[in-house]
Amino acid sequence: DIQRQAQNKPQRLLGDFFWSYIKERFDTRQDQMEFAYNFVGSLKKYMYDGDVELFYKILFKHLSEFHFFDQMALIAYLKKTLEELDLVDGVRDGLIDSDVFFAGLRLFFPVKSERHMQQVREIVVRSHLSNGMVDLVKLLAENADGDQSEFMEMVRSQYLQDTFEYPLMIEQALFRAAAGRRRPRLPAGQVAAILQEIDPLKTEVEIREYMKRGLGCEDSYDVAQDVDVKEFMKKLKSGHLHRSGHYMTDVDLKQLREMYHKKQQLIQLRREHILEQRGQQNRSLWNRAAKSVSHQHKTVSNWRDRVSQNSNNDDDPSNPSDE
């Protein structure tokens with residue numbers, strides 16, 4: 001692509017490049033098809049890996065190549081955010097308070113579904129949480145084969161799920177609106193309104209860009225013009241589609257620091273309360289012990305007095321004794 005850009009040539013799609021690569025590498029059609037078959041088979045075998053799954057979907061044009069760059073940006077910003085969360089307690093030690101971590105993760109993924117957030121939470125609690133702290137090193141670790149942690153693989157997998165769900169939501173909404181018509185067609189103004197309804201955070205400029213892509217025009221469009229829903233969706237999905245706020249480039253660390261310090265204050269108050277309770281219990285035990293010792297002392301003293309009195313009576317000549 002860099003060479004083609006230098007030559008003022010348009011970039012090639014991954015699928016087109018892949019087929020050119022095969023033809024250049026292998027002379028016979030049989031060798032070409034055999035390599036392609038084995039290569040695609042290997043991709044399907046390792047589809048559990050987020051990178052492989054994304055490559056496969058781009059290769060077969062299920063997704064735009066823009067999604068690759070967007071996912072790379074997401075991972076980069078996520079790592080940056082996690083490193084910032086590590087400093088919320090004022091110490092860079094690779095450990096993040098669990099409450100800070102999950103709150104920061106929600107701020108980073110503001111529109112992620114609760115179902116997806118719960119999946120991520122379960123992985124972190126099971127594999128990366130100890131003594132109320134999330135281990136950042138384990139969270140971002142890669143093994144010898146280049147596989148990332150279960151957490152990162154889940155983030156990538158959910159990105160692809162969201163990527164597929166968003167255009168599907170648009171398509172279903174457009175076809176529902178066009179239901180009952182001989183052909184699925186809608187006025188352009190209604191299409192734009194549906195796009196805005198599905199994603200209220202989209203700006204007017206972003207909606208306009210989506211409309212221009214779907215209509216295949218570079219200039220403005222007529223809101224009254226008739227739109228073929230199938231053709232519109234085909235052109236719309238040729239580029240990058242994403243829900244607004246699918247990730248944030250900046251997270252409000254001030255809010256998280258305040259939350260962390262309030263938590264530490266509550267922990268300190270609870271610790272002081274426990275110590276005070278223990279102190280009261282110790283004082284109570286001491287008082288009971290002191291009373292017990294005092295009572296025992298009095299008992300011993302009384303016994304000694306009685307023994308002494310009896311001894312004096314035995315030594316007194318006026319006191320008759322048994323003979």
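Start by selecting Val52: leaving out residues up to four places away in sequence, Val52 touches Leu43, Tyr46 and Met47, where contact means heavy atoms within 4.5 Å. What you have open is a predicted model, in which local features need pLDDT of at least 70, side-chain atom pairs count only at pLDDT 80 or more, and totals for chains, interfaces and linings use all residues. Residues are numbered from 1 along each chain as its sequence is written, and side-chain values use heavy atoms, with hydrogens and water left out.

**Around Val52**

Keep Val52 selected and show the ribbon: this residue belongs to helix α4. Helices here are DSSP runs (H or I, at least four residues), numbered from the N terminus. Now add Ser42, 10 residues from Val52 along the chain; their C-alpha atoms are 9.5 Å apart.

**The largest pocket**

Next, select α4 (50–59) together with α5 (66–85), since you're heading for the largest pocket: each of these helices gives at least two residues to its lining. The space in that pocket comes to about 570 Å³. Its lining has 20 residues, and Leu13, Ile58, Ser64, Glu65 and Phe66 are the closest to the centre. Colour the lining by class and you'll get 10 nonpolar, three polar and seven charged residues.

A few terms for this stop. A pocket is found on a 1 Å grid over the protein atoms alone, with a 1.4 Å probe: it is an open set of points with protein on both sides within 12 Å along at least five of seven lines, and lining residues have an atom within 4 Å of a point. The volume is the space filled by probe spheres set on the points, which are joined across faces, edges and corners. As for classes, Ala, Val, Leu, Ile, Met, Phe, Trp, Tyr, Cys and Pro are nonpolar, Asp, Glu, Lys and Arg are charged, and the others, Gly among them, are polar.

**α9 and α10**

Jump to α9 and helix α10 (residues 188–198), whose axes come within 10 Å and cross at roughly 135°. Axes are lines fitted to C-alpha atoms over the stretch in contact, and angles run from 0 to 180 degrees between N-to-C directions. That angle makes α9 oblique to α10; under 35 degrees would count as roughly parallel, over 145 as roughly antiparallel, 65 to 115 as roughly perpendicular, and the rest is oblique. To see the contact, pick Tyr166, Met169, Ile170, Ala173, Leu174 and Ala177 in α9, which meet Gln190, Val191, Ile194, Leu195 and Ile198 in α10. This contact has 10 nonpolar residues, one polar and no charged.

**α9 and α12**

Stay on helix α9 (residues 150–177) and add helix α12 (residues 229–236): they pack at about 165°, with axes 10 Å apart. So the two, α9 and α12, are roughly antiparallel. Show Pro167, Ile170, Glu171, Leu174 and Phe175 of α9 against Val229, Lys230, Phe232, Met233 and Leu236 of α12. Eight nonpolar, no polar and two charged residues make up this contact.

**α11 and α12**

For the last stop, keep α12 and bring in helix α11 (residues 204–215); their axes are 7 Å apart, at an angle of about 110°. α11 and α12 are therefore roughly perpendicular. Tyr210, Met211, Arg213, Gly214 and Leu215 of α11 make the contact with Glu231, Phe232, Lys235 and Leu236 of α12.
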